Amino acid sequence: RVNSDGKPAKFQPPPKPVIIDKQKQREERRFLSPEFIPPRGRTDPLKFYIERKDMIQRRKVFSIPEFCVGHILAVTTADPYANDKASRFVGICIQRGGKGLGATFVLRNVIEDQGVEICYELYNPRIQAIEVLKLEKRLDDNLMYLRDALPEYSTFDVNMKPVSRLDHEEIPVNKLQVRMKPKPWSKRWERPKYNIKGIKFELPGKKMKEAQKWSQPWLEFDMLREYDTSKIEEKIWKEVSEELKK
Amino acid sequence: MRLSVAAAISHGRVHRRLGLGPRSRLDLLRNLVTALVRHERIEAPWARADEMRGYAERLIEYAKLGDTNERAMRMADFWLTEKDLIHKLFKVLAPRFQPHPGSYTRLLQIPNRDGLDRAKMAVIELKGNPFPPLIRPRRDTEKTLLNQLLKGYREDMQRAAAS
């Protein structure tokens with residue numbers, strides 16, 4: 001190749017290929033995990049800061065996916081007495097509790113007609129993998145009523161394949177109304193204190209009206225019980241996402 | 001699990017137990033909040049005034065959100081039993097406290113009640129009220145040791161300068 005001057009053209013190296021690491025890009029978090037938000041109380045914030053540092057340290061080593069109550073998860077833990085030294089449990093997450101490093105989640109499944117619930121700690125070093133098999137939100141934050149529901153609502157296939165989903169989509173809300181076993185239940189789920197929307201109550205109208213006797217309509221106007229976490233969440237979200245990017 | 005012992009321990013419980021029950025407690029405090037918004041300075045037993053203070057300040061914070069806000073209007077509707085005060089809350093008190101970020105009330109103790117119960121009383125007022133100011137305890141009075149020493153030093157200096 002010759003330039004317009006007549007001299008040979010300077011060698012231009014080909015442009016460097018831009019490597020888009022799709023694995024890392026897909027890691028964007030949509031909401032802050034609830035165990036980061038400190039509870040209301042008189043504890044020194046230094047304690048929560050130190051705990052958050054430890055939690056972020058663990059998250060850098062082991063990736064904990066974000067999930068809600070209602071998602072179906074598969075957890076592999078290290079077990080010295082199992083054949084492969086690892087045991088896998090698949091179940092629906094019915095409750096997320098605890099704050100800080102002691103945060104737990106309870107998975108429920110029905111195996112061979114026996115209901116099994118296992119409470120795992122998110123930051124337990126024995127946990128080797130957490131996979132989200134199905135992303136699906138339910139109408140409530142606490143699905144403990146599945147204990148008193150018909151077992152078909154808690155059975156999930158142990159060898160379920162992860163349901164493929166596109167990112168950047170809203171998590172679908174499953175408006176399933178669960179049918180219950182006959183009373184007595186472990187808790188009186190019809191009472192307004194539990195505020196459950198996901199049960200199809202087949203009780204007579206008199207019982208439902210009687211349950212409303214325990215409603216406390218003044219509770220929603222009790223202003224001092226409200227805990228506004230929006231500002232705290234924003235601060236912690238910025239802090240955590242900055243630390244995780246490093 | 002011994003539930004009775006758990007009920008008797010009250011570690012970390014922030015609400016006082018007033019009146020006949022939780023509903024009664026909220027009704028009592030509601031009446032006090034209404035009176036405070038109407039008169040802007042009231043006398044009440046100290047415990048009730050202290051409980052009421054938190055609710056009054058949160059009510060003003062809700063009022064600051066504006067009366068187009070559905071939640072703010074429902075809160076004001078519940079907490080103010082006399083409905084003409086809702087207008088006063090949103091149109092007079094909210095603009096008055098707009099520049100202030102925090103405390104809108106002042107709680108001061110007064111001598112015990114004259115009746116048989118000799119209850120600990122307090123006066124609670126909204127800041128910026130039109131009444132003459134209350135006698136607030138000044139921490140720095142002329143009678144403190146440091147101030148007396150400084151006064152003596154000043155007088156000595158004046159005497160030395162005069163002579």
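Biologist: The open sheet of three strands in chain B has the order E1-E3-E2 with antiparallel pairing; what makes two of its strands edge strands?

Modeller: Strand E1 (41–45) and strand E2 (105–110) of chain B each pair on one side only, and these are the edge strands. From one strand to the next the twist averages 25°, an angle that runs from 0 to 180 degrees between N-to-C directions of axes, which are lines fitted to C-alpha atoms and, for helices, over the stretch in contact. This is a predicted model in which local features need pLDDT of at least 70 and side-chain atom pairs count only at pLDDT 80 or more, while totals for chains, interfaces and linings use all residues, and side-chain values use heavy atoms, with hydrogens and water left out. Residues are numbered from 1 along each chain as its sequence is written, and chains are lettered from A and ligands numbered from 1 in the order in which they are written.

Biologist: How do you know that E1(B) and strand E3 (residues 121–126) of chain B pair?

Modeller: Two strands pair if DSSP finds at least two bridges between them, and here there are five bridges in the antiparallel sense, so the criterion is met. Within E3(B), B:Ile124 is the bridge partner of B:Ile42. Strands (E, at least two residues) and helices (H or I, at least four) are DSSP runs, numbered from the N terminus.

Biologist: What makes helix H3 (residues 46–64) of chain B roughly antiparallel to E2(B)?

Modeller: H3(B) lies across E1, E2 and E3 of chain B and runs at about 170° to E2(B), and because angles over 145 degrees count as roughly antiparallel (under 35 as roughly parallel, 65 to 115 as roughly perpendicular, the rest as oblique), the term applies.

Biologist: Why is H2(A) called oblique to H4(A)?

Modeller: The axes of helix H2 (residues 45–61) and helix H4 (residues 230–245) of chain A come within 10 Å and cross at roughly 40°; that makes H2(A) oblique to H4(A). Their crossing is right-handed, with the near helix turned clockwise from the far one by less than a right angle (anticlockwise would be left-handed).

Biologist: What makes residues of H2(A) and H4(A) partners in a contact?

Modeller: Contact means heavy atoms within 4.5 Å, and A:Tyr49, A:Arg52, A:Ile56, A:Arg59 and A:Lys60 in H2(A) meet A:Ile236, A:Glu239, A:Val240, A:Glu243 and A:Leu244 in H4(A). These residues divide into five nonpolar, no polar and five charged.

How values were computed. Nonpolar A, V, L, I, M, F, W, Y, C, P; charged D, E, K, R; others polar.
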